[in-house]
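Subject: A structure for you to look at

Hello,

Here is the structure I promised to hand over. Please open it next to this email and follow along.

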Amino acid sequence: MFLRRLLVILVCAPVLALAALETPAAAQDGPAPRPEPKPEPEPAAGRAYGDNLALDVPASVRKQMEDQAVAITRMRLYFNDAAAGADGVSLEFEDMRTEVPVIFAAFIGERCDRVLNYADYSARPGRHVDLAFHVKTLPRRLKGMKVQIEHAHIQGEAETSVATFDVPAPDEGEPWNDVRLRGARPGVNRYRMVVSYTGGNGQTTTYKGFSHWVLVQAPPMFEFTHTAHAAATSRKAGNARLIAADVRFDAAFLLHAGLNPADCSLRVVRRGKRDMRLDALSPEVRRVLEKERAPLGWHEVGRGPLAGAGIPGLETAKVEEGAVVLRFRHVLNASTTTLPLDEDWQYRFELLHKGLSEPMAVWECAVKLKVEKEADLATARLNVTGTALDKPLSVPIQAAR
């Protein structure tokens, strides 16, 4: 049964075993191997934010790795079988005899990058990874063979092709060179060996073989920018002056390439107070303002998906090709009849992922305004601070007629 099954495989086409060994290893320092593709532009400088993520390999990929390990073992046994002759694998069945070229290609795990932290990854020119492999053939010098490595990036269960690299064949008797491939991305990178073989009849067959995976740990947000805009005014209204304050927080960032935006959400919480004298107001207005009184400690303002989260105060929440844009507003309306006024709020924005119990990243902002009496309007200032802001913001209350 074994002979018959193998004969069918070999008669139809050459057998190619392309393997990714599972032995973990760190990046190798040494002479830059080849091939060395043309330099690519470096990513735009920006600020990464949040702790490094160690993303799990998707279940479908783990199964491929397990199935691959079994196949590697079997193919290695076939290749090392004593039936392999100088011209290939020789098989005899009754009065028939055939010899078929065999190709065995395998990544060498202990000489390949497997897991890179963000500091090492970001310091590498071209965001490269180092890979090592060997290719064996029977016969030992097999013409018509071409070796390539395909690079793909995995996001959730989806896989996107990034680049294909040609691997130069070494001179006869020389080992295959290690390769340094540019363009790795945060998250799960898959490198698959592809071998093409052109037989004596001129027909070319291409085989996509086994793979090697490199995980790049990185923060959840890149090129993160956070700005604040604030304005405060007072205007005459009968015997009193109306006080209005408007604060806008804008955040923009690129989401970690290994994260699916559909699996991420935003949560906004706040704590603080809005104290003012309410006894001079009508009962209806007083009831509305009483709703602004928050319980002690942090309480949730709202949460929702990154794209279009329906959170009070969140005016914009959109995602386009991994770019996230958020706009949040804090508004105050008061009157000199309600002085003294003490506005003191702290907001916390949390980037969440459905597979994690803790936020991936957190940034905070604070809004403060204190006015004891109407005469203080000339000197009072609206103050805005934040852990992610470049600098605090302080604006006066502009008087309007």
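**The sheet**

Start with two strands, β22 (residues 381–386) and β23 (residues 393–400). They run antiparallel, and four bridges join them. One bridge partner pair to look for is V384 with L393, the latter in β23. Keep in mind throughout that this is a predicted model.

Now zoom out. Both strands belong to an open sheet of 10 strands. The order across the sheet is β17-β16-β20-β21-β22-β23-β14-β15-β19-β18. The pairing is mixed. Which are the edge strands? They are β17 (299–305) and β18, and each of these pairs on one side only. On average, neighbouring strands in this sheet are turned by 15° against each other, direction ignored.

**The cores**

In soluble globular proteins, nonpolar side chains tend to be buried together. Look for that here. The largest nonpolar core holds 50 residues. F253, L266, L351 and W363 have the most contacts inside it. Which strand gives the most to this core? It is β15 (residues 240–255), with seven residues.

A second core lies apart from that one. It has 27 residues, including V147, V167, W176 and A184.

Back to L351 for a moment. Set aside residues up to four places away in sequence. L351 then touches P220, M221, F253, L255, S265, L306, P359, M360, A361 and W363. Two of the names from the core list, F253 and W363, turn up among these contacts.

**The aromatic rings**

A pair of aromatic rings is described by the distance of the centres and the angle of the planes. The whole structure has 11 aromatic pairs. One of them is F107 with F133. The arrangement is edge-to-face, with 6.4 Å centre to centre and 75° between the planes. F107 lies in strand β5 (residues 102–107) and F133 in strand β8, so this pair ties together parts that are 26 residues apart in sequence.

Are these two rings buried or exposed? F107 is buried, at 0% relative accessibility. F133 is buried too, with a relative accessible area of 2%.

Ring pairs also build a cluster. Its members are Y49, F224, F253, F328, Y347, F349 and W363.

**The salt bridges**

Side chains of opposite charge can pair when their charged atoms come close. A search of the whole structure finds 19 salt bridges.

Take E150 and K208. Their side chains meet in a salt bridge at 3.7 Å, N to O. E150 sits in strand β9 (residues 145–155) and K208 in strand β13 (residues 204–216), with their places 58 residues apart in the chain. E150 is partly exposed, at 21% relative accessibility. K208 is exposed, with a relative accessible area of 56%.

Next, D246 and R329. Their closest N and O atoms are 2.0 Å apart. D246 is in strand β15 and R329 in strand β19 (residues 323–335), so this salt bridge ties together parts that are 83 residues apart in sequence. D246 is partly exposed, with a relative accessible area of 24%. R329 is partly exposed as well, at 28% relative accessibility.

R329 has another partner, E315. In this salt bridge the closest N and O atoms are 2.9 Å apart. E315 belongs to strand β18 (residues 314–320), and the two residues are 14 apart in sequence. E315 is partly exposed, at 46% relative accessibility.

Salt bridges with shared partners also make a network. It joins E150, E159, R190, R192 and K208. R192 lies in strand β12 (residues 187–198). Why does R192 count as buried? Its relative accessible area is 18%, and buried means under 20%. Leaving aside neighbours within four places in sequence, R192 is in contact with Q148, I149, E150, E159, K208, G209, F210 and S211.

**A loop to finish**

Last, find R141 in the loop between β8 (133–138) and β9. R141 is partly exposed, with a relative accessible area of 47%. Beyond four places in sequence, its contacts are P170, D171 and E172. R141 and E172 are 31 residues apart in sequence but 7.3 Å apart in space, C-alpha to C-alpha.

Best wishes

Technical notes: Residues numbered from 1 in each chain as written. Predicted model: local features only at pLDDT ≥ 70, side-chain atom pairs only at ≥ 80, totals over all residues. Heavy atoms only, no water. Core = buried A, V, L, I, M, F, W, Y, C linked by side-chain atoms within 4.5 Å. Buried < 20%, exposed > 50% of the residue type's maximum accessible area, 1.4 Å probe, protein only. Contact = heavy atoms within 4.5 Å. Salt bridge = Lys/Arg side-chain N within 4 Å of Asp/Glu carboxyl O. Pairing = 2+ DSSP bridges. Axes fitted to C-alpha atoms, helices over the stretch in contact; angles between N-to-C directions. Phe/Tyr/Trp six-rings, centres within 6.5 Å; stacked < 30°, edge-to-face > 60°.
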